[in-house]
Amino acid sequence: MLESFGYLAISWLDPWLLMLTAAGTLAGIYVGAIPGLSVTMAVSILISFTFKWSVNDALALIAGVFVGGVYGGSRTAILLNIPGAPSAIATALDGYPMAKRGEAGEAVGLTTVMSVFGGFVGVAALALFAPLLADFALMFTSRDYLLLAMIGILLVGTLSGESFAKGVFAGALGVLIGMVGLDPMTAEGRFTFDTITLMGGIPYVVAMIGFFGVAEAFVQLHQLDLPAVKQKIDRVIPRLADVRRYFRVAMRASGIGTVIGALPGTGGDIAALLAYDDAKRATKNPEVPFGEGAKEGLVAPEAANNAAVGGAFVPMLTLGIPGDAVTAVIIGALFIHGLKPGPLLLVETPHLFWFTVGNLALANIFLLIFGLTGIRIFTKIVECPKAILIPLIIILSAVGSYAIQNNPVDIYWMLLFGVFGYFLKVYGFQVGPVILGVILGPMMDSNYRRAMIGARNDPATFIWDFLSHPISCVLLIAFLALLISQTPLGRLAREAWRGRRAQGRGAG
Amino acid sequence: MSSRAQRRPGELAFAVALLALSLWLFGEAFKISGFSGLSTPGVFPMLASGLMVASSLAILLKALAMSPAGGGLRQFLADITPLRQTVMVVLVGLYILAMPWLGFLAASGLFLFVSIQFLWRRSPWLTALVSLAGLAAIHVIFTLVFQVVLPKGTLLQGLY
């Protein structure tokens, strides 16, 4: 116990780590706030730069960027009605009307306090539940990991993007990209086309930078000339009465956020939308109607998306399965540093776990400090024209791709993925599942084969193993339910149910 | 999940291209170890590429069911690959190709100047100033904070 506290306090007591966390949080707020720069983009580029650093330094910076970035999106959502990040879409619904009424400062202040509140709930959940889950996860077999990974990719594929088929395609494509190179079990080449370059595989950080950085930059070129709206900012420190009043809404939203964040594959964006929806339903008599500047509608998504940060770390650190796109990128960073996220992480490297917990808490404190100060300077930086920003992003992406192995070929990959990712995005595909697939693909492959070898290559035994073990069986049911709900069969069932309900209403 | 009634320009061609890509990848996956066993290196790639074939088929069928985008190639060029995107992709390509030759600093400086001038359209002096400032910031951050090795060019004996 005492030891854990020692690890927890590492970044609180070391001035250098303290500085890195602060710098990360500050940078994250800006990255999140500037539309077109996403946290995922920033973290994937950062990983390529920090992989030579010590693990603690790199993680301190990345945790700061993550926490700051999720929050930062709310700023532009409130001030300009442009969500800086997907997780701030719900924030704009009520935040912007508040700003239009001249309450921008109040909205920013309330958002900051509630985000920090949500963040702490998420971190507390991580500290409490991750060790329990890790103990439980020791009972998981390769079958269960295979199912968990498939559920994760399926969740990302279904909840984002235009159609289920597009989500599945993106996920499977990612899995294939992850397969390229020498097979880790037999050292046979897969998709190498007898070239030495491909034998080492495609570095996943380059794929991330291509899909999240370059592709996004090309998409952003469509909206180069969005006019910036200037808002007057008055009072920033929220009223204590307000904080007390919306405490319950924030508490509920944080709970939702933590759980959604912890589900493999779903992150802050979905958490925020669900929490907004929940707050809308739970608030019977809002002071101002939702959509016209209700403070409940501002508090709920912001508390939820920051709570989802802590939640997203739970499956990543305990199962090795990322909770959302950003943790998928962070898991890549852990691999690069030679760590193996999974149930043994807490046993083998407990310091890393408690360090992360302490770090996230610290980043939330910095969030409170930076969030409530320096708003005026802030609005100036966000007004930086995209015409300057986009070329800079591309240079950062190129350097990031090169820095991983000092190999110019990786920059070509980056451009290839960037152009391909651009077309995918334009035609309504999401790139999140691709990245999740790249990270989880090799893990799924080896777990599938282990399970199959365990079943002595007999398909009947293989299937029976899934049904006869309780954990596998529950996961299999969850997977199938998710799958069926997305196929025509599920749609028919839903329609039938809806029809019956409508009939019942008509009769009553 | 929104359902559109009309295709985006080029969507059908893209769906066909994805199907072709998936089929080719499935063929490559089959070549790894064929159907020789259930735990061979080729099984999982075949499963994944098989899924890609199935889902791209579904995407294609859905695209076929939508009404055509109209406008033909001209609309595609205007909506999907406008001049701005095309020029930028070409510029990035040139930048990447020039980097081993010119070195990181010179290539990046040129790229910044040309692309900002192209996108921003202000006075060249202002663009030059902005690019120089950006380049200086990147250089300082990378060499001092991140200590990243930046590619040096062969021209001028790797001076830059």
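**Entry 1: domains of chain B**

I began with the domain assignment of chain B, which gives domain 1 (11-79) and domain 2 (83-158). I work here from a predicted model. I then took the centres of domain 1 of chain B and domain 2 of chain B over their C-alpha atoms and found 36 Å between them.

I next looked up Ala107(B), whose place is in helix H5 of chain B. Its relative accessibility is 4%, so I entered Ala107(B) as buried. Which residues does Ala107(B) contact, once neighbours within four places in sequence are left aside? I listed Tyr95(B), Ala98(B), Met99(B) and Leu102(B). I also checked Ala107(B) against Met66(B): the two lie 41 residues apart along the chain, and their C-alpha atoms are separated by 45 Å.

**Entry 2: the interface of chain B and chain A**

I turned to the contact between the two chains, to which chain B contributes 65 residues and chain A 70 residues. The area buried between chain B and chain A came to about 5,700 Å². Carbon and sulfur atoms give 78% of that area.

How many salt bridges are counted between chain B and chain A? I noted one salt bridge. The partners are Lys166(A) and Glu11(B), with 3.6 Å between the closest N and O atoms. For polar contacts across the interface of chain B and chain A, I recorded 10 residue pairs, both residues being at pLDDT 80 or more.

I then asked which elements of chain B give two or more residues to the side that touches chain A. I wrote down helix H1 (11-33), helix H2 (43-65), helix H3 (72-79), helix H4 (83-102), helix H5 (104-120) and helix H6 (124-146) of chain B. H2(B) gives the most to this side, with 12 residues. Sorted by class, the side of chain B that touches chain A holds 44 nonpolar, 14 polar and seven charged residues.

**Entry 3: salt bridges**

Over all chains, I found that the structure holds 15 salt bridges. As background, side chains of opposite charge can pair when their charged atoms come close.

I looked at Arg101(A) and Glu103(A), whose side chains meet in a salt bridge at 3.1 Å, N to O. Arg101(A) is partly exposed at a relative accessible area of 40%, and Glu103(A) is partly exposed at 22%.

I then examined Asp183(A) and Arg190(A), which form a salt bridge at 3.5 Å, N to O. Are these two residues buried or exposed? I entered both Asp183(A) and Arg190(A) as buried.

I also looked up the pair of Lys425(A) and Glu216(A), where the closest N and O atoms of the salt bridge are 2.5 Å apart. Lys425(A) lies in helix H21 (residues 409-426) of chain A and Glu216(A) in helix H11 (residues 204-220) of chain A, so this pair ties together parts that are 209 residues apart in sequence. Lys425(A) is partly exposed, with a relative accessible area of 22%. Glu216(A) has a relative accessibility of 16% and therefore counts as buried, the cut-off being under 20%. I noted further that salt bridges with shared partners join Glu106(A), Arg239(A), Asp242(A) and Lys295(A) into one network.

**Entry 4: single residues of chain A**

I located His337(A) in the loop between helix H16 (325-336) and helix H17 (345-348) of chain A. His337(A) counts as buried because its relative accessibility is 18%. Leaving aside neighbours within four places in sequence, I found His337(A) in contact with Thr50(A), Phe51(A), Trp53(A), Ser54(A), Val55(A) and Ala58(A).

I found Ala124(A) in helix H7 (residues 104-137) of chain A. Its relative accessible area is 38%, so I entered Ala124(A) as partly exposed. Between the C-alpha atoms of Ala124(A) and Thr258(A) I noted 9.8 Å, although the two are 134 residues apart along the chain.

**Entry 5: positive phi values**

I looked up Ala187(A), which is not a glycine yet has a positive phi of about 60°. Ala187(A) sits in the loop between strand E1 (181-182) and strand E2 (189-190) of chain A. With a relative accessible area of 52%, Ala187(A) is exposed.

I made a corresponding note for Asn457(A), also not a glycine, with a positive phi of about 60°. Where is Asn457(A) found? I placed Asn457(A) in the loop between helix H22 (432-454) and helix H23 (459-468) of chain A. Asn457(A) is partly exposed, at a relative accessible area of 37%.

Conventions: Residues are numbered from 1 along each chain as its sequence is written. Chains are lettered from A and ligands numbered from 1 in the order in which they are written. Side-chain values use heavy atoms; hydrogens and water are left out. Helices (H or I, at least four residues) and strands (E, at least two) are DSSP runs, numbered from the N terminus. Buried means under 20% relative accessible area, exposed over 50%, partly exposed in between (1.4 Å probe, protein chains only). Contact means heavy atoms within 4.5 Å. Buried area is the accessible area (1.4 Å probe) that two parts lose on being put together, summed over both. A salt bridge is a side-chain nitrogen of Lys or Arg within 4 Å of a carboxyl oxygen of Asp or Glu. A polar contact is a pair of N or O atoms within 3.5 Å; within protein, one must be able to donate a hydrogen and the other to accept it, and residues adjacent in sequence count only if both atoms are side-chain atoms. Ala, Val, Leu, Ile, Met, Phe, Trp, Tyr, Cys and Pro count as nonpolar, Asp, Glu, Lys and Arg as charged, and the others, Gly among them, as polar. Domain bounds come from an automatic or database domain assignment.
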